[in-house]
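Trainee: Could we go through the side-chain interactions in this model together? I would like to start with the charged pairs and move on from there.

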Amino acid sequence: SGKLWAVLEYLDKATTLDPGYFTAEIESADPYTHYLMGHIPPPEGGLDDAQALVRLRAHFDRAFDAARDADTRLWIDLERQVFAERWDRVPGLMAQMRQRIAEGKQFNMIWLSGLMSATGHAKDYLDMVDAGAQRNPLDREQRGKAALAAEAIGDYARTEQLIRDSIAQVGRTGLITKAELLMELDRGRPDRALAIGLAL
């Protein structure tokens, strides 16, 4: 976790040298997202949630302003909606993304799975990831997020298939395990969930 905070110094240097380097701005937001979600402790010297949110939003805003094409701005705009005060813009942005994916465009969706599931669009996210998996079958992260999306809509048959395929083709990941645990708990089978946990 300390490494996530330490890398900010180097990312700041990168964006100072190249203010148009939007990827560095996205990466600079990452420690704050993980902190706000409870994944990592604050940096040395402390940090409160309000400060973290201000800094996170600033990095996303700079990334959006630096992006050079409409598709890049679209996925950055959707990503930053995860941390917006309101989600009223999400449906319109997602409609645009669905259209672009139908036309063959791929997006680097980091936090989008959680946003889409929370706003009732897990099925849309699952369809997007399925399209991406056909183009990049070795993408371990997206496979795990697809399984989580299938679990979120209660499609356990599809969840099981995605888990089996992922383990067989690219190995077990933390996201796949999370999807499997959630599925067993949601089906009222805590004994199976416990067995999965003990086997890790």
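Mentor: Keeping in mind that this is a predicted model, we can begin with Arg 62 and Glu 25, whose side chains meet in a salt bridge with an N to O distance of 3.2 Å.

Trainee: Which helices do Arg 62 and Glu 25 lie in?

Mentor: Arg 62 belongs to helix H3 (residues 49–66) and Glu 25 to helix H2 (residues 22–36), so the salt bridge ties together parts that are 37 residues apart in sequence.

Trainee: And is Glu 25 buried or exposed?

Mentor: Glu 25 is buried, with a relative accessible area of 5%, whereas Arg 62, at 41% relative accessibility, counts as partly exposed.

Trainee: How many salt bridges does a search of the whole structure find?

Mentor: The search finds 14 salt bridges. Among them is one between the side chains of Arg 100 and Asp 71, at 2.6 Å from N to O. This pair links distant parts of the chain, with Arg 100 in helix H5 (residues 90–102) and Asp 71 in helix H4 (residues 70–81), 29 residues apart.

Trainee: What about the accessibility of Arg 100 and Asp 71?

Mentor: Arg 100 has 25% relative accessibility and counts as partly exposed, while Asp 71 has 14% and counts as buried because the cut-off for that label is under 20%.

Trainee: Which residue does Arg 189 meet in a salt bridge?

Mentor: The side chain of Arg 189 meets that of Glu 184, with 2.8 Å from N to O. Arg 189 is partly exposed at 21% relative accessibility, and Glu 184 is buried with a relative accessible area of 6%.

Trainee: Which residues are joined into one network by salt bridges that share partners?

Mentor: That network consists of Asp 61, Asp 77, Arg 80 and Arg 89.

Trainee: Let me stay with Asp 77 for a moment: where is it found, and what is it in contact with?

Mentor: Asp 77 is found in helix H4, and it is buried, with a relative accessible area of 5%. Leaving aside neighbours within four places in sequence, Asp 77 is in contact with Phe 64, Arg 89 and Leu 93. Phe 64 also has a charge over its ring, since the charged end of Arg 80 sits there, 4.1 Å from the ring centre.

Trainee: Changing topic to the aromatics, how many pairs are there?

Mentor: The count comes to three aromatic pairs. In one of them, the ring centres of Trp 5 and Tyr 32 are 5.2 Å apart and the planes stand at 75°, so the pair is edge-to-face. Trp 5 lies in helix H1 (residues 2–17) and Tyr 32 in helix H2, so parts that are 27 residues apart in sequence are tied together by this pair.

Trainee: Are Trp 5 and Tyr 32 buried or exposed, and which cluster do they belong to?

Mentor: Trp 5 is buried and Tyr 32 is buried as well. Ring pairs link Trp 5, Tyr 32 and Tyr 35 into a cluster.

Trainee: What kind of pair do Phe 60 and Phe 83 make?

Mentor: Their ring centres are 6.1 Å apart and their planes are at 25°, so this pair is stacked. Phe 60 lies in helix H3 and Phe 83 in the loop between H4 and H5, so the pair ties together parts that are 23 residues apart in sequence. Phe 60 counts as buried at 3% relative accessibility, and Phe 83 counts as buried at 8%.

Trainee: Which residues does Ala 29 touch?

Mentor: Not counting residues up to four places away in sequence, Ala 29 touches Leu 56, His 59 and Phe 60. Ala 29 is found in helix H2 and is buried, with a relative accessible area of 0%. From Ala 29 to Ala 58 the C-alpha to C-alpha distance is 8.3 Å, although these residues are 29 residues apart in sequence.

Trainee: Last topic, helix H7: what span should its 14 residues have?

Mentor: At 1.5 Å a residue, the 14 residues of helix H7 (residues 122–135) should span 20 Å, and the end C-alpha atoms are 20 Å apart, which agrees.

Trainee: Which residues of H7 are buried, and what do they pack against?

Mentor: The buried residues of H7 are Ala 122, Tyr 125, Leu 126, Met 128, Val 129, Ala 131 and Gly 132, and they pack against H5, helix H6 (112–118), helix H8 (140–152) and helix H9 (156–170).

Key. Residues are numbered from 1 along each chain as its sequence is written. This is a predicted model: local features need pLDDT of at least 70, side-chain atom pairs count only at pLDDT 80 or more; totals for chains, interfaces and linings use all residues. Side-chain values use heavy atoms; hydrogens and water are left out. A salt bridge is a side-chain nitrogen of Lys or Arg within 4 Å of a carboxyl oxygen of Asp or Glu. Helices (H or I, at least four residues) and strands (E, at least two) are DSSP runs, numbered from the N terminus. Buried means under 20% relative accessible area, exposed over 50%, partly exposed in between (1.4 Å probe, protein chains only). Rings of Phe, Tyr and Trp (its six-membered ring) pair if their centres lie within 6.5 Å; planes under 30 degrees apart count as stacked, over 60 as edge-to-face and the rest as tilted. A charge sits over a ring if NZ of Lys or CZ of Arg is within 6 Å of the ring centre and within 35 degrees of the ring normal. Contact means heavy atoms within 4.5 Å. The expected span of a helix is 1.5 Å times one less than its number of residues.
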